[in-house]
Amino acid sequence: MRLELQPGPGETLDAICGGEVQVLQRRLGYRFTLDPLLLAHFAVFEGGALRGRLMDLGT
């Protein structure tokens with residue numbers, strides 16, 4: 001079941017991952033970006049977490 005989101009006044013509906021993930025957020029103030037997802041992907045798949053090491057990258 002897919003939830004249909006509708007942005008209200010002062011909000012936007014943004015999609016990532018080919019539209020599979022939708023983010024309802026305010027137009028002003030903090031806004032979600034793709035950067036945390038890219039950083040997490042790098043930390044797990046490129047940065048060595050699969051080899052047993054983990055590093056906090058300032059999150």
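**Exercise 1. The nonpolar patch**

Task: In this predicted model, find which residues make the nonpolar surface patch of about 510 Å², then work out where Phe 32 sits.

Solution:
- Start with the members: Tyr 30, Phe 32, Leu 34, Leu 37 and Leu 38 make up the patch.
- Next, place Phe 32 on the chain. You'll find Phe 32 in the loop between S2 and helix H1, which covers 35-46.
- Now check exposure. The relative accessible area of Phe 32 is 30%, so Phe 32 goes down as partly exposed.
- Finally, look at the backbone. The nitrogen of Phe 32 is reached by the side chain of Gln 25, at 2.7 Å.

**Exercise 2. The overall layout**

Task: Say how many helices and strands the protein has, and give their pattern along the sequence.

Solution:
- Count the elements: 1 helix and 2 strands.
- Put them in order, and the pattern reads β-β-α.
- Check how much is hidden. Of the 59 residues, 12% count as buried.
- Look at the surface too: the protein exposes about 5200 Å², with carbon and sulfur atoms supplying 59% of that area.
- Last, sequence range. Take the contacts between residues at least 6 apart in sequence; 0% of them join residues at least 24 apart.

**Exercise 3. The hairpin**

Task: Describe how strands S1 and S2 run and how many bridges join them, then identify which turn residue has a positive phi.

Solution:
- Locate the strands: S1 takes in residues 11-16 and S2 residues 21-26.
- The two run antiparallel, joined by 6 bridges.
- Match up some partners. Thr 12 has Gln 25 as its bridge partner in S2, while Ala 15 is paired with Gln 22.
- Then go to the turn. The hairpin leaves 4 residues between S1 and S2, and Cys 17 there has a positive phi of about 55 degrees.

**Exercise 4. A bridge pair up close**

Task: Thr 12 and Gln 25 are bridge partners. Is Thr 12 buried or exposed, and is Gln 25 buried or exposed?

Solution:
- The cut-off you need is under 20% relative accessible area for buried.
- Thr 12, in strand S1, has 12% relative accessibility and therefore counts as buried.
- Gln 25, in strand S2, has a relative accessible area of 9%, so Gln 25 is buried as well.
- Now list the surroundings, leaving aside neighbours within four places in sequence. Thr 12 is in contact with Pro 7, Val 23, Leu 24, Gln 25, Arg 27 and Arg 31.
- With those neighbours again left out, the contacts of Gln 25 include Gly 10, Glu 11, Asp 14 and Phe 32.
- One polar detail for Thr 12: its side chain makes a polar contact with the side chain of Asp 14, at 3.0 Å.

**Exercise 5. The salt bridge**

Task: Work out which residue forms a salt bridge with Arg 31, and why the pair ties together parts that are apart in sequence.

Solution:
- Start with the count: the structure holds 1 salt bridge.
- The partner of Arg 31 is Asp 14, and their closest N and O atoms are 3.1 Å apart.
- Place both ends. Arg 31 lies in the loop between S2 and H1 and Asp 14 in strand S1, so the pair links parts 17 residues apart in sequence.
- Check exposure at each end: Arg 31 is partly exposed at 27% relative accessibility, and Asp 14 is partly exposed with a relative accessible area of 27%.
- To finish, tie this back to Exercise 4: Asp 14 also has the polar contact with the side chain of Thr 12, and Arg 31 is among the contacts of Gln 25.

Note on methods
Residues are numbered from 1 along each chain as its sequence is written. This is a predicted model: local features need pLDDT of at least 70, side-chain atom pairs count only at pLDDT 80 or more; totals for chains, interfaces and linings use all residues. Side-chain values use heavy atoms; hydrogens and water are left out. Buried means under 20% relative accessible area, exposed over 50%, partly exposed in between (1.4 Å probe, protein chains only). Contact means heavy atoms within 4.5 Å. Accessible areas come from the Shrake-Rupley method with a 1.4 Å probe; for residues, only the protein chains shown count as cover. Two strands pair if DSSP finds at least two bridges between them. Patches are made of residues with over 30% relative accessible area and no salt bridge: like charges are joined within 9 Å, nonpolar side chains (Val, Leu, Ile, Met, Phe, Trp, Tyr) within 5 Å. A salt bridge is a side-chain nitrogen of Lys or Arg within 4 Å of a carboxyl oxygen of Asp or Glu. A polar contact is a pair of N or O atoms within 3.5 Å; within protein, one must be able to donate a hydrogen and the other to accept it, and residues adjacent in sequence count only if both atoms are side-chain atoms.
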